[in-house]
Amino acid sequence: MVFTCYLCEKETVYLTRFCSPCNELKRILAIYGAEECRDILKRVCIRGQDQRDYKISAELKKEITGDYPKKRLTPVKKRDTDESYIKTRSKSEKNNKSKSSD
């Protein structure tokens, strides 16, 4: 039978009720328990009121002062360059010049 994934409701599944990513989440919920997973998601993914207030004030401060963090540029590493093509070219040019002058 054809089902839509019960969790994400986006994927079409044929033999199971959950798509692969949602099935993995279901197994994690079974191992750690729904309560602990919910607590972790709330702590990590959802911002509290004080966190939102701090973020808003920090962004407003950046806009007012124009104090945006500057990207640090990493220096370009010196490479061991192979300059043999330059020497080869210069030799061949010399040979061509000597032939043309003959």
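How many helices and strands are there in the protein? In this predicted model, the count is 4 helices and 2 strands. Colour the chain by secondary structure and follow it from the N terminus: the order of elements is β-β-α-α-α-α.

Next, colour by relative accessible area. Of the 102 residues in the protein, 5% are buried.

Now select the lining of the largest pocket: Leu 7, Leu 25, Ile 28, Leu 29, Tyr 32, Ala 34, Glu 36, Cys 37, Arg 38, Ile 40 and Leu 41. Two elements, helix 1 (20-32) and helix 2 (34-45), each give two or more residues to this lining. Show both as cartoon with the lining side chains as sticks. Helix 2 gives the most, with 6 residues. The pocket has a volume of about 270 Å³.

Recolour the lining by residue class. It has 9 nonpolar residues and 2 charged ones, with no polar residues. The charged residues to pick out are Glu 36 and Arg 38.

Switch to a surface view and select Leu 7, Leu 25, Ile 28, Ile 31 and Tyr 32. Together these residues make a nonpolar surface patch of about 510 Å². Leu 7, Leu 25, Ile 28 and Tyr 32 also appear in the pocket lining.

Stop at Tyr 32, which is found in helix 1. Is Tyr 32 buried or exposed? Its relative accessible area is 51%, so Tyr 32 is exposed, the cut-off being over 50%. Keep Tyr 32 selected as a reference point for both views: this residue belongs to the lining of the largest pocket and to the nonpolar patch.

Technical notes: Residues are numbered from 1 along each chain as its sequence is written. This is a predicted model: local features need pLDDT of at least 70, side-chain atom pairs count only at pLDDT 80 or more; totals for chains, interfaces and linings use all residues. Side-chain values use heavy atoms; hydrogens and water are left out. On a 1 Å grid over the protein atoms alone, a cavity is a set of points where a 1.4 Å probe fits but cannot get out, and a pocket is an open set with protein on both sides within 12 Å along at least five of seven lines; lining residues have an atom within 4 Å of a point. Grid points are joined across faces, edges and corners, and a volume is the space filled by probe spheres set on the points. Patches are made of residues with over 30% relative accessible area and no salt bridge: like charges are joined within 9 Å, nonpolar side chains (Val, Leu, Ile, Met, Phe, Trp, Tyr) within 5 Å. Accessible areas come from the Shrake-Rupley method with a 1.4 Å probe; for residues, only the protein chains shown count as cover. A salt bridge is a side-chain nitrogen of Lys or Arg within 4 Å of a carboxyl oxygen of Asp or Glu. Buried means under 20% relative accessible area, exposed over 50%, partly exposed in between (1.4 Å probe, protein chains only).
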